[in-house]
Number of protein chains: 2
Amino acid sequence: MIRKKLGQRIKEKRLQLGLSQEKFALSINMDRTYFASVEKGKRNISILNIEKIAKGLNISLSELFQEL
Amino acid sequence: MIRKKLGQRIKEKRLQLGLSQEKFALSINMDRTYFASVEKGKRNISILNIEKIAKGLNISLSELFQEL
């Protein structure tokens, strides 16, 4: 469940920045298909990749996990 | 760096509960040596294990990452 909720939160924040999955994944040097599967909640993503995404979204980890 | 900071935060919260590594790891059904290495910042821990630890510490993920 947490994987789905985190994926949805990442997507929500990415869309707020007006970025496509491709542009965002490129901006943080992450494989686009991997990033797409993270947003779908299909990945047991690691802390280093979570941090990379939060930095790319320009938000803190705490904000990323707010109310999840 | 985030692995170290998260490990220290987990240790801090565990000690506030007055639990040993062994007792805490047992309480969340996590291997004690793995948990010890998480606290030392040696693991690129996954979201499912982070959630397991936060639940065991009885705090939200957002609180776990507060100011990290």
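Colleague: Before we turn to the helices, how are the axes and angles defined here?
Modeller: Axes are lines fitted to C-alpha atoms, for helices over the stretch in contact, and angles run from 0 to 180 degrees between N-to-C directions. Please bear in mind that this is a predicted model.

Colleague: At what angle do α1 of chain A and α4 of chain B cross?
Modeller: Helix α1 of chain A, residues 2-16, and helix α4 of chain B, residues 47-57, cross at roughly 110°, and their axes come within 10 Å. Because angles of 65 to 115 degrees count as roughly perpendicular, α1(A) is described as roughly perpendicular to α4(B).

Colleague: Which residues meet there?
Modeller: From α1(A), the residues are Ile2(A), Arg3(A) and Leu6(A); in α4(B) they meet Ile47(B), Leu48(B) and Glu51(B). Four of the residues in this contact are nonpolar and two are charged, with no polar ones.

Colleague: Turning to the whole interface, how much area do chain A and chain B bury?
Modeller: They bury about 1,500 Å² between them, with 68% of it on carbon and sulfur atoms. Chain A contributes 15 residues to the contact, and chain B contributes 15 residues.

Colleague: How many salt bridges and polar contacts cross it?
Modeller: The rule finds zero salt bridges across the interface. For polar contact, it finds eleven residue pairs, both residues at pLDDT 80 or more.

Colleague: Which helices of chain A supply at least two residues of the side that touches chain B?
Modeller: Those are α1, α4 (47-57) and α5 (61-64) of chain A. The largest share, four residues, comes from α4(A).

Colleague: What is the make-up of that side by class?
Modeller: The side of chain A that touches chain B has eight nonpolar, four polar and three charged residues.

Methods. Residues are numbered from 1 along each chain as its sequence is written. Chains are lettered from A and ligands numbered from 1 in the order in which they are written. This is a predicted model: local features need pLDDT of at least 70, side-chain atom pairs count only at pLDDT 80 or more; totals for chains, interfaces and linings use all residues. Side-chain values use heavy atoms; hydrogens and water are left out. Angles under 35 degrees count as roughly parallel, over 145 as roughly antiparallel, 65 to 115 as roughly perpendicular and the rest as oblique. Contact means heavy atoms within 4.5 Å. Ala, Val, Leu, Ile, Met, Phe, Trp, Tyr, Cys and Pro count as nonpolar, Asp, Glu, Lys and Arg as charged, and the others, Gly among them, as polar. Buried area is the accessible area (1.4 Å probe) that two parts lose on being put together, summed over both. A salt bridge is a side-chain nitrogen of Lys or Arg within 4 Å of a carboxyl oxygen of Asp or Glu. A polar contact is a pair of N or O atoms within 3.5 Å; within protein, one must be able to donate a hydrogen and the other to accept it, and residues adjacent in sequence count only if both atoms are side-chain atoms.
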